[in-house]
Amino acid sequence: MAARLLLLGLAGTVDALLDFWCVYLFGGAQQKIIRGLRIDLFRTILRQDIGFFDLEENASGVLAARLATDAAAIRGAVADVAGVAASNMTTMLFAFLVAFIASWKMSLILTATLPLLGMAGYLQNLSITGFGANQDQVFVNRLVGSHVC
């Protein structure tokens, strides 16, 4: 019993360390992605014809605000999701490892319920997103379409 508790504590510690590194590494990658995106958007703005800046929707303040907000929105939509997904997968793998070591029979029974849990998660995601599921694609199309020469 003591060995199992020690193993559980060790697995929890390893999982916590891996979660920390996952957040740290994804944060660094996230910053590089956002920096590259802002640089690309700024270069695209600089390549526009002079008439582009005469339009009221393309005033310097509006464009500066778009550089800040659009990149942050994409970061939230893409990079944060990848970090959370990687963290959840790590946690799930360690949970399965500990569960199979503790009681392999019970773990096999619980593994049989995974398709039901996956279906429930999918249905929950559909009910939460509702009709706005394609909003990310509309946002990206608007962003790309407004900065193309």
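In what order do the elements of the chain run from the N terminus on? They run α-α-α-α-α. The legends below describe a predicted model.

**Figure 1. The whole chain is built from helices, with zero strands.** The secondary structure comes to five helices. The chain has 149 residues, and 17% of them count as buried. Its accessible surface is about 10,900 Å². Carbon and sulfur atoms account for 71% of that surface. Among contacts with a separation of 6 or more, 80% join residues 24 or more positions apart.

**Figure 2. Five residues form the largest nonpolar core.** The members are L41, I45, F52, L63 and L67. Two helices, α1 (2-46) and α2 (60-102), each supply at least two residues of this core. In soluble globular proteins, nonpolar side chains tend to be buried together.

**Figure 3. A closer view centres on L63, a member of the largest nonpolar core.** Which residues does L63 contact, leaving aside its neighbours within four places in sequence? They are I45, F52, F53 and N58. Of these partners, I45 and F52 also belong to the core.

**Figure 4. A nonpolar patch lies on the surface.** It is made by L7, L10, V14, L18, L97 and I101. The patch covers about 480 Å². Helices α1 and α2 each give two or more residues to this patch. The largest share comes from α1, with four residues. One of the patch residues, L10, is found in helix α1. Is L10 buried or exposed? L10 has a relative accessible area of 52%, so it counts as exposed, the cut-off being over 50%.

**Figure 5. W21 and Y24 make an edge-to-face aromatic pair.** The count of aromatic pairs comes to five. In the pair of W21 and Y24, the ring centres are 5.4 Å apart. Why is this pair called edge-to-face? The ring planes stand at 90°, and the label applies because that angle is over 60 degrees. Both residues sit in helix α1, three residues apart. That spacing means that about one helical turn separates W21 and Y24.

**Figure 6. F20, W21 and Y24 form one aromatic cluster.** How accessible are two of its members, W21 and Y24? W21 has 45% relative accessibility and therefore counts as partly exposed. Y24 has a relative accessible area of 52% and is exposed. The two labels follow from a cut-off: exposed means over 50%, and partly exposed lies between that and 20%.

How values were computed: Residues numbered from 1 in each chain as written. Predicted model: local features only at pLDDT ≥ 70, side-chain atom pairs only at ≥ 80, totals over all residues. Heavy atoms only, no water. Core = buried A, V, L, I, M, F, W, Y, C linked by side-chain atoms within 4.5 Å. Buried < 20%, exposed > 50% of the residue type's maximum accessible area, 1.4 Å probe, protein only. Contact = heavy atoms within 4.5 Å. Areas by Shrake-Rupley, 256 points an atom, 1.4 Å probe, with all protein chains shown as cover. Patch = residues over 30% accessible without salt bridge, like charges linked within 9 Å, V, L, I, M, F, W, Y side chains within 5 Å. Salt bridge = Lys/Arg side-chain N within 4 Å of Asp/Glu carboxyl O. Phe/Tyr/Trp six-rings, centres within 6.5 Å; stacked < 30°, edge-to-face > 60°.
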